[in-house]
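Dear colleague,

I am handing over the structure below for your records. My findings follow it, grouped by topic.

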Amino acid sequence: NVFLTYQYLYADNRQFQQVAGPGNAPSGLFGDPRRSGPAATPSDYIAVSEGPYRFENETHFVNLAFDWDLNFATLSGNAAYQKSKLRQFRDGDAANALIGLTQQQLVVSPYPVKTGELRLDSNNNDFWNWSISGFYSRQTGNVRSIQPADVFFSPASTALRLPISADVIVPVRTRSYSIAASSSFQFTDKLRLEVAARYTDSKSRQAAFVTISSPGFPGVPPFIPAIPPIPANTSAVVPPELALTHVHPLTGGATLTYEFSPDVTAYFAYGRSYRGPTAGVSVPQNITGDLVKSRKETSISFE
């Protein structure tokens with residue numbers, strides 16, 4: 001049996017951030033006397049943001065699967081390719097605290113993902129059944145976030161601020177290979193043993209680069225001095241020595257089961273799991289390495 005499928009998805013969702021409160025009129029020094037919105041209760045279900053909340057998703061899926069009966073076993077395979085592009089628009093000023101200013105954020109996330117698995121399973125033997133498989137996965141793409149990071153000199157006016165643009169690039173690079181095997185032994189009608197193990201070789205690079213720039217601020221003598229333009233400057237969020245992760249864990253488990261009667265069963269189970277370290281691509285800059293990257297976790301359980 002061979003199956004080839006293709007799926008296409010396009011979704012365009014517009015959302016509105018609900019707010020509740022008496023409304024805002026920042027009429028202080030250099031303020032704007034206009035109200036940011038009417039008084040609203042939770043039951044009014046209204047939004048007052050000036051910028052859009054829009055989420056677009058365009059995705060292509062291609063999947064190839066097959067099964068081949070070899071009499072003593074069945075060979076199965078699956079290969080898939082996913083190509084997604086997500087575009088997210090958000091207004092950071094959801095409550096319209098500053099009228100006439102949209103703190104618009106744009107995030108573009110491409111997700112090209114390739115996966116493949118080849119598996120050989122025994123065909124329901126009476127005593128011993130087994131399986132062996134290999135798996136591959138790879139994901140690439142550069143996630144980009146463009147958003148303002150303005151500095152305000154007064155909360156009452158959009159004019160009294162230093163415009164700052166923050167352009168963040170997050171390269172996504174992950175690759176994983178694994179091999180797995182399992183066996184089950186039906187010693188008697190009541191006694192059964194199941195064991196399985198997986199060896200994985202996983203490699204990823206987690207990094208983030210922030211580019212900051214500003215046209216400057218003319219100043220308001222004598223209260224606020226002029227600020228010259230800030231040329232584009234790029235810095236790394238994740239230190240290079242923490243960006244690369246290469247792990248090769250061994251996971252799996254075993255279960256021994258004995259059925260005393262149709263109503264009473266005893267079992268012993270052992271399991272081993274693993275969670276690899278990960279680096280935070282959106283953490284604040286200039287913090288210590290132990291806060292940038294988590295440690296690996298290994299769990300062993302008995303029941």
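Which side chain meets that of Asp-12 in a salt bridge? The partner is Arg-14, with an N to O distance of 3.4 Å. Please note that this is a predicted model. Asp-12 is partly exposed, because its relative accessibility of 26% lies between the limits of 20% and 50%.

Salt bridges

The structure holds nine salt bridges. Arg-175 and Asp-201 form one of them, at 2.8 Å from N to O. This pair joins distant parts of the chain, since Arg-175 belongs to strand E8 and Asp-201 to strand E9, with their positions 26 residues apart in sequence. Arg-175 is buried, at a relative accessible area of 15%. Salt bridges with shared partners also unite Asp-12, Arg-14, Arg-54, Glu-56 and Arg-87 in one network.

Another salt bridge is that of Asp-150 with Arg-161, whose closest N and O atoms are 2.7 Å apart. Here too distant parts of the chain are linked: Asp-150 sits in the loop between E5 and strand E6 (151-152), and Arg-161 in strand E7 (residues 161-162), 11 residues away in sequence. Asp-150 has a relative accessibility of 15% and therefore counts as buried.

Aromatic pairs

The count of aromatic pairs comes to 10. In one of them, the ring centres of Phe-127 and Phe-187 are 5.9 Å apart and the planes stand at 65°, so the arrangement is edge-to-face. Phe-127 is in the loop between E4 and strand E5 (128-148), while Phe-187 is in the loop between strand E8 (165-186) and strand E9 (191-206); the pair therefore ties together parts that are 60 residues apart in sequence. Both residues are partly exposed, Phe-127 at 43% relative accessibility and Phe-187 at 42%.

The pair of Phe-268 and Phe-302 is tilted, because its planes meet at 35°, with the centres 6.3 Å apart. Phe-268 lies in strand E14 (residues 264-275) and Phe-302 in strand E15 (residues 297-302), so this pair ties together parts 34 residues apart in sequence. Phe-268 is partly exposed at 46% relative accessibility, whereas Phe-302 is exposed at 58%.

One aromatic cluster consists of Phe-127, Trp-128, Trp-130, Phe-185 and Phe-187. Two of its members, Trp-128 and Trp-130, are also touched by Ser-122.

Ser-122 and Asp-93

Ser-122 is located in strand E4 (residues 104-122) and is buried, with a relative accessible area of 9%. A polar atom of its side chain lies 2.8 Å from the backbone nitrogen of Trp-130. Beyond four places in sequence, the residues that Ser-122 touches include Phe-72, Ala-73 and Asn-129.

Asp-93 occupies the loop between strand E3 (73-91) and E4, and is buried at 10% relative accessible area. Leaving aside neighbours within four places in sequence, Asp-93 is in contact with Ser-49, Leu-98, Leu-101 and Gln-103. Its C-alpha atom is 48 Å from that of Gly-271, which is 178 residues away along the chain.

Nonpolar cores

The largest nonpolar core has 15 residues, of which Val-143, Val-170, Val-237, Val-238 and Val-292 touch the most other members. E8 and helix H1 (240-243) are the elements that give two or more residues to this core, and E8 gives the most, with three. Apart from this core lies another, of five residues, among them Leu-160, Leu-162, Ile-164 and Ile-224.

With kind regards

Conventions:
Residues numbered from 1 in each chain as written. Predicted model: local features only at pLDDT ≥ 70, side-chain atom pairs only at ≥ 80, totals over all residues. Heavy atoms only, no water. Helix = DSSP H or I, 4+ residues; strand = E, 2+ residues; numbered from the N terminus. Buried < 20%, exposed > 50% of the residue type's maximum accessible area, 1.4 Å probe, protein only. Polar contact = N/O pair within 3.5 Å; in protein donor to acceptor, adjacent residues only side chain to side chain. Contact = heavy atoms within 4.5 Å. Phe/Tyr/Trp six-rings, centres within 6.5 Å; stacked < 30°, edge-to-face > 60°. Core = buried A, V, L, I, M, F, W, Y, C linked by side-chain atoms within 4.5 Å. Salt bridge = Lys/Arg side-chain N within 4 Å of Asp/Glu carboxyl O.
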